[in-house]
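Student: I would like to learn how to read the place where a ligand sits in a protein, and how to describe the pockets of a structure. Could we go through an example together?

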Amino acid sequence: MPPLLLLHGFPLDHTLWTPQVEGLAGITEVIAPDLRGFGQDGRAVPEAMTMEAYARDVKGLLDDRGIDRVVLGGLSMGGYVAMAFAEAWPERLAGLLLINTRATADDQAGKRGREDTAQRALDQGMTVIARAMVPTLLSESTRQRDPALATSVEAMIARQRPEAVAAASRGMALRPDMHAALARLRAPALVITGEQDTLMPLPTSLALQATVPGAELVVIPGAAHLSNLEGPVAFNAAAGKFLATIA
Ligand code: MLT
């Protein structure tokens with residue numbers, strides 16, 4: 001069984017995947033790296049880090065570890081990176097897991113918002129951004145049921161380096177539309193989203209599912225944007241079932 005490599009979203013780090021590293025390890029090896037500049041990755045970042053550049057880092061990681069084929073999963077920005085990888089190295093892909101993400105590029109207003117986010121990170125630091133983001137990432141029911149989770153997500157964002165956050169934000173503005181690339185995909189694919197994700201609402205995931213040949217869609221009840229953290233039991237069941245089809 002190929003390993004499962006999971007790519008975190010923006011502006012998070014590998015600890016996003018703690019419930020999967022623990023819950024799916026019995027099925028296959030789970031690898032959860034930090035994208036360049038995030039978490040414990042101390043590498044320097046350029047002014048804009050494109051999704052293709054992160055994907056090259058992923059390819060480098062696989063080459064370094066001697067991994068030929070991988071099941072690649074990515075949440076939101078991690079999904080953008082996974083799509084860039086799938087386009088560049090389809091022969092290395094045993095399966096694709098697209099989580100709370102989308103295939104569309106940013107419109108002009110979206111691109112301007114990316115630069116605002118980059119500037120805010122650099123000028124104000126991450127504490128303010130962290131506090132503002134949590135209500136958009138976690139559903140109200142998650143925050144009420146599990147305040148400790150909300151606190152740990154806020155801390156995860158607050159500890160990221162502003163330079164890495166700015167580079168990622170600018171890189172997301174540069175990403176192309178991926179529909180044509182996804183339509184060519186031949187690897188098995190699963191789309192997962194949260195029932196209450198307002199950043200990537202359900203129609204976005206339905207469009208993604210319709211684009212990828214043979215893809216299934218699983219909606220995690222009560223979850224918003226961080227469906228793997230908010231509904232880990234349902235999420236791991238869906239991911240485990242998907243991995244079993246690949247084995
Ligand atoms: C993410 O969670 O990675 C971001 O919401 C992605 C985005 O802003 O497009």
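The dialogue below goes from the ligand to the pockets.

Tutor: Before we begin, please keep in mind that this is a predicted model.

Student: Which residues are around the ligand?

Tutor: The general idea is to look for residues that have a heavy atom within 4 Å of the molecule. In this structure the residues around the ligand are Gly9, Phe10, Ser76, Met77, Tyr80, Arg102, Arg114, Met172 and His225. When this shell is sorted by character, it divides into four nonpolar, three polar and two charged residues.

Student: Where are the polar contacts of the ligand, in the backbone or in the side chains?

Tutor: A polar contact is a pair of N or O atoms within 3.5 Å, so we read the distance together with the kind of atom. Here a polar backbone atom of Phe10 is 2.8 Å from an oxygen atom of the ligand, and a backbone N or O atom of Met77 also lies 2.8 Å from a ligand oxygen. For Ser76 the partner is an N or O atom in the side chain, which is 2.9 Å from an oxygen atom of the ligand.

Student: How much of the ligand's exposed area does the protein bury?

Tutor: We take the area that the ligand exposes when it is alone, and then ask what share of it the protein covers. The ligand taken alone exposes 270 Å², and the protein buries 92% of that.

Student: Which pocket does the ligand take up?

Tutor: The space taken by the ligand is the largest pocket, which has a volume of about 530 Å³. Its lining is made of 25 residues, and those nearest the centre are Phe10, Arg102, Arg114, Met133 and Leu199. Two or more residues of this lining come from each of helix 3 (77-88), helix 4 (108-124), helix 5 (126-137) and helix 8 (162-173), and helix 4 gives the largest share, six residues. By character, the lining of the largest pocket divides into 12 nonpolar, seven polar and six charged residues.

Student: What lines the second largest pocket?

Tutor: The second largest pocket, with a volume of about 220 Å³, can be read in a similar way. Its lining residues include Pro188, Leu190, Glu216, Lys241 and Phe242. The elements that give two or more residues to it are strand 5 (189-194), strand 6 (216-220) and helix 12 (232-246), of which helix 12 gives the most, with four residues. Its lining divides into six nonpolar, two polar and two charged residues.

Notes. Residues numbered from 1 in each chain as written. Predicted model: local features only at pLDDT ≥ 70, side-chain atom pairs only at ≥ 80, totals over all residues. Heavy atoms only, no water. Polar contact = N/O pair within 3.5 Å; in protein donor to acceptor, adjacent residues only side chain to side chain. Areas by Shrake-Rupley, 256 points an atom, 1.4 Å probe, with all protein chains shown as cover. 1 Å grid on protein atoms, 1.4 Å probe; cavity = no way out; pocket = protein on both sides within 12 Å on 5 of 7 lines; lining within 4 Å. Sits in = over half its atoms within 2 Å of the grid points. Nonpolar A, V, L, I, M, F, W, Y, C, P; charged D, E, K, R; others polar. Points joined across faces, edges and corners; volume = space filled by probe spheres on them.
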